[in-house]
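Visitor: I'm new to this. Could you show me how to read the places where chains meet each other and where protein meets DNA?

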2 protein chains.
Amino acid sequence: MKYQELANILKENIDDGSYHETGKLPTEEQLVEQYGVSKYCVRNAISILVEFGLVYLVQGSGMYIRESKREGCMSLRNTRGVTAELKGHSVKTRVVHLEIISADERIASRMKCKTGTPVYYIIRARSVDGVPLSVEYTYYNQEIVPVIDEKIAEGSLFGYIKKDLGLNISFADKILRADKLTKEAAELLELEAGDPAVIVEDDAYLSNGQMFNASVVYYNYKTAKFFELAEIK
Amino acid sequence: MKYQELANILKENIDDGSYHETGKLPTEEQLVEQYGVSKYCVRNAISILVEFGLVYLVQGSGMYIRESKREGCMSLRNTRGVTAELKGHSVKTRVVHLEIISADERIASRMKCKTGTPVYYIIRARSVDGVPLSVEYTYYNQEIVPVIDEKIAEGSLFGYIKKDLGLNISFADKILRADKLTKEAAELLELEAGDPAVIVEDDAYLSNGQMFNASVVYYNYKTAKFFELAEIK
DNA sequence: TAGTGGTCTAGACCACAAA
DNA sequence: TTGTGGTCTAGACCACTAT
């Protein structure tokens with residue numbers, strides 16, 4: 001994809017400070033000429049930069065560089081796994097619990113599967129640079145993901161499903177709220193029961209529309225921050 | 001814009017259940033023919049639906065309808081104001097405090113303006129159907145927004161800035177976390193000090209790149225939920 | 001009025017999914 | 001193999017900004 005490559009080039013240029021003097025990108029026309037691609041590619045590349053919050057556009061005026069303060073924050077939109085998100089830090093995952101259970105009504109409804117379907121129930125605790133970050137309670141439909149062992153669960157489960165199983169993960173619904181920590185989650189986060197937590201409920205789907213994973217993650221309120229870029233129209 | 005109109009039509013069709021039987025939209029080619037527009041328009045329209053989480057695309061297969069459980073949830077990405085977001089409910093805004101102050105160093109750094117710049121400092125409390133939803137602490141640069149009175153602050157400030165002042169609001173950076181409520185915020189939310197809260201810090205910019213508004217909003221953990229759609233690539 | 005981003009068309013060809 | 005979404009081009013014209 002030409003436009004993805006162009007986006008990468010422009011991203012590097014921005015990081016290099018190549019456009020620092022003017023604070024804006026070359027015009028569409030100039031980019032078309034410089035890189036020998038069509039306007040379609042240029043606009044597609046730019047829209048990637050916009051999505052990442054690197055650039056904002058003003059019709060009739062130009063494409064301006066925008067620096068955002070996402071440092072140390074996690075993205076809610078680009079699910080690339082915590083490890084990739086917080087690179088440069090030591091992210092460790094500990095598997096607290098791992099078993100296969102038979103879906104009761106509650107779980108079946110949550111997982112959009114039949115009661116009795118075998119599902120993995122996994123509890124994982126994550127830490128960043130030695131500080132607890134999150135506790136995750138997650139279910140995987142075993143009919144879709146046949147094998148998960150402790151070693152696999154210590155790494156990126158999404159990565160495993162994509163690369164090793166060859167399944168196409170497509171999208172996820174997330175619901176985000178705050179609540180008091182349960183005693184159990186508090187212990188794993190080295191906090192007190194009743195302390196606040198950001199809670200993210202996550203339903204993940206394959207490209208065929210099947211839900212394969214449902215999870216609830218409790219985040220350490222002292223360290224976890226999320227960022228979001230909103231376009232206002 | 002043809003593609004925006006087409007998106008609206010398709011959105012209605014989806015709500016009507018016109019595509020219920022197959023669970024998917026007509027093919028791109030069919031839409032091109034049916035609506036007499038180019039593929040460009042069709043794809044732009046579809047990408048709006050994708051952004052809203054109404055549809056997901058599978059290359060080589062089709063465009064599938066996707067229902068998400070955003071009911072009662074607020075969006076972090078599409079900042080249209082709480083009132084529009086939660087329509088069907090009675091959203092009330094009470095202005096707790098409103099004054100003009102001179103930016104000290106801390107505020108000037110936060111607002112990216114010079115110390116001494118006059119800024120509005122406003123505290124607002126919102127309720128939905130009589131239940132407290134949020135407490136907002138917000139600053140507006142008075143050099144950009146010259147006049148805010150209590151009546152204006154009771155309504156949509158963004159709407160006022162856009163429609164009445166004719167300024168172009170472009171984008172916002174948000175940081176999201178959880179923390180314990182202060183005593184003051186707890187009182188306004190009818191909760192206890194130390195109770196959890198989702199906290200959203202918001203920096204809003206005009207299309208010329210100027211920041212005009214910074215705010216911190218504390219949400220009632222018993223009622224406030226946010227949703228987010230993540231695409232996984 | 002000139003510069004620059006946004007919309008739209010027509011058409012070619014590629015990549016992936018499903019039968 | 002056929003259907004369907006994804007990429008890419010060339011070119012016309014519109015809408016907004018800045019001067």
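Guide: Let's begin with contact, which means heavy atoms within 4.5 Å. Here 43 residues of chain A are in contact with 43 residues of chain B. Bear in mind that this is a predicted model, where local features need pLDDT of at least 70, side-chain atom pairs count only at pLDDT 80 or more, and totals for chains, interfaces and linings use all residues. As for the bookkeeping, residues are numbered from 1 along each chain as its sequence is written, chains are lettered from A and ligands numbered from 1 in the order in which they are written, and side-chain values use heavy atoms, with hydrogens and water left out.

Visitor: How is the size of an interface given?

Guide: Often as the accessible area lost when the parts come together. Buried area is that loss with a 1.4 Å probe, summed over both parts. Between chain A and chain B about 4,200 Å² is buried, and carbon and sulfur atoms give 55% of it.

Visitor: How many salt bridges are there between chain A and chain B?

Guide: A salt bridge is a side-chain nitrogen of Lys or Arg within 4 Å of a carboxyl oxygen of Asp or Glu. The count between chain A and chain B is 4. One salt bridge pairs A:Arg66 with B:Asp173, with the closest N and O atoms 2.8 Å apart.

Visitor: Which element gives the most to the side of chain A that touches chain B?

Guide: Helices (H or I, at least four residues) and strands (E, at least two) are DSSP runs, numbered from the N terminus. The elements giving two or more residues to that side of chain A are β1 (55-58), α7 (157-164), β7 (169-180), β8 (196-206) and β10 (226-231). β7(A) gives the most, with 12 residues.

Visitor: What about strands that pair across the chains?

Guide: Two strands pair if DSSP finds at least two bridges between them. β10(A) and β7 of chain B run antiparallel, joined by 6 bridges. There, A:Ala230 stands opposite B:Ala172 in β7(B).

Visitor: And which residues are closest to DNA strand D?

Guide: A residue is near a strand if one of its heavy atoms lies within 4 Å of it. DNA strand D is surrounded by 22 residues, the closest being A:Lys2, A:Tyr3, A:Ser38, B:Arg43 and B:Gly60. Of the strand D atoms within 4 Å of the protein, 70% belong to sugar or phosphate and the rest to bases. For instance, a polar backbone atom of A:Lys2 is 2.4 Å from a phosphate oxygen of strand D. The side chain of A:Tyr3 has an N or O atom 2.6 Å from a phosphate oxygen of strand D.

Definitions and conventions: Buried area is the accessible area (1.4 Å probe) that two parts lose on being put together, summed over both. A polar contact is a pair of N or O atoms within 3.5 Å; within protein, one must be able to donate a hydrogen and the other to accept it, and residues adjacent in sequence count only if both atoms are side-chain atoms.
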